[in-house]
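Visitor: I would like a close look at one part of this model, with the neighbouring parts brought in where they help. Please start from a single side chain and what it reaches, and then work outwards.

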Amino acid sequence: MNTAIQCIVLLACMVICSSMSIKRCQCVKTKGHVNPNLITDVKVYKPRPYCNRTEVIVLLKDNNLMCLDPKKRFTQTILKVIEMQRAQRAAKMNTTVPKTITVEATTSNTIAPVS
């Protein structure tokens, strides 16, 4: 009976441990450059508890993901360009167009003065 309980507990522990995802860095290999015309999106992941390095992942037009080396000049230039483009888009969205408010002036002879 004692052996059966130990086997059940061991089996439960194995199921729990195998169902948990072990997170790690997404970028195993990095590239120094890629054709900038193929880039559709850039994501930057700062160091996290399960990955101690900064990761720069680009999405290409063919839906492939590619890791770039964040220390390379090419990657830093791409990040600056993307940041400037996002700032320009945000500035366009925040600009307000002056709205003209028209008020119709009506005069009425039926209003009596209050004494």
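Guide: In this predicted model, the side chain of Glu55 reaches the backbone nitrogen of Gln26 at 2.8 Å. That side chain also makes a polar contact with the side chain of Arg48, at 2.5 Å. Glu55 has its place in strand E2, a strand that runs over residues 55–60. Is this charged residue buried or exposed? With a relative accessibility of 1%, Glu55 counts as buried, because the cut-off for that term is under 20%. Once its neighbours within four places in sequence are left aside, the residues in contact with Glu55 are Cys25, Gln26, Cys27, Lys43, Val44, Tyr45 and Arg48. Gln26 and Arg48, the two partners already named, therefore appear again in this wider list of contacts.

From Glu55 one can follow strand E2 into the nonpolar interior. The largest nonpolar core has 10 residues, namely Val34, Ile39, Val42, Val56, Val58, Leu60, Met66, Leu68, Ile78 and Ile82. Strands E1, E2 and E3 and helix H2 are the elements that each give two or more residues to this core, and the largest share, three residues, comes from E2. As a general background, nonpolar side chains in soluble globular proteins tend to be buried together.

Two members of this core, Ile39 and Ile78, deserve a closer reading. Ile39 touches Val34, Val58, Leu59, Leu60 and Ile78, when residues up to four places away in sequence are not counted. Ile78 lies in helix H2 and, at 13% relative accessibility, counts as buried. Under the same exclusion of residues up to four places away in sequence, Ile78 touches Pro36, Ile39 and Val42. Ile78 and Ile39 stand 39 residues apart in sequence, and their C-alpha atoms are 9.6 Å apart in space.

Ile39 and Ile78 also belong to the lining of the largest pocket, which has a volume of about 180 Å³. The full lining consists of Pro36, Ile39, Thr40, Asp41, Val42, Ile78, Val81, Ile82, Gln85, Arg86 and Arg89. Strand E1 (39–45) and helix H2 (73–94) are the elements that give two or more residues to that lining, with H2 supplying the largest share, six residues. What is the make-up of the lining by class? There are six nonpolar, two polar and three charged residues.

Leu68, another member of the core, leads back towards the outside of the model. The C-alpha atoms of Lys29 and Leu68 are separated by 8.4 Å, although the two residues are 39 residues apart along the chain. Lys29 lies in the loop between helix H1 (2–19) and E1, and with a relative accessibility of 71% it counts as exposed.

A last stop is the loop between strand E2 (55–60) and strand E3 (65–68), where Asn63 lies. Asn63 has a positive phi of about 65° although it is not a glycine. With a relative accessible area of 62%, Asn63 is exposed, whereas Glu55, in strand E2, counts as buried.

Terms used:
Residues are numbered from 1 along each chain as its sequence is written. This is a predicted model: local features need pLDDT of at least 70, side-chain atom pairs count only at pLDDT 80 or more; totals for chains, interfaces and linings use all residues. Side-chain values use heavy atoms; hydrogens and water are left out. On a 1 Å grid over the protein atoms alone, a cavity is a set of points where a 1.4 Å probe fits but cannot get out, and a pocket is an open set with protein on both sides within 12 Å along at least five of seven lines; lining residues have an atom within 4 Å of a point. Grid points are joined across faces, edges and corners, and a volume is the space filled by probe spheres set on the points. Helices (H or I, at least four residues) and strands (E, at least two) are DSSP runs, numbered from the N terminus. Ala, Val, Leu, Ile, Met, Phe, Trp, Tyr, Cys and Pro count as nonpolar, Asp, Glu, Lys and Arg as charged, and the others, Gly among them, as polar. Buried means under 20% relative accessible area, exposed over 50%, partly exposed in between (1.4 Å probe, protein chains only). A polar contact is a pair of N or O atoms within 3.5 Å; within protein, one must be able to donate a hydrogen and the other to accept it, and residues adjacent in sequence count only if both atoms are side-chain atoms. Contact means heavy atoms within 4.5 Å. A nonpolar core is a set of buried Ala, Val, Leu, Ile, Met, Phe, Trp, Tyr and Cys residues joined through side-chain atoms within 4.5 Å.
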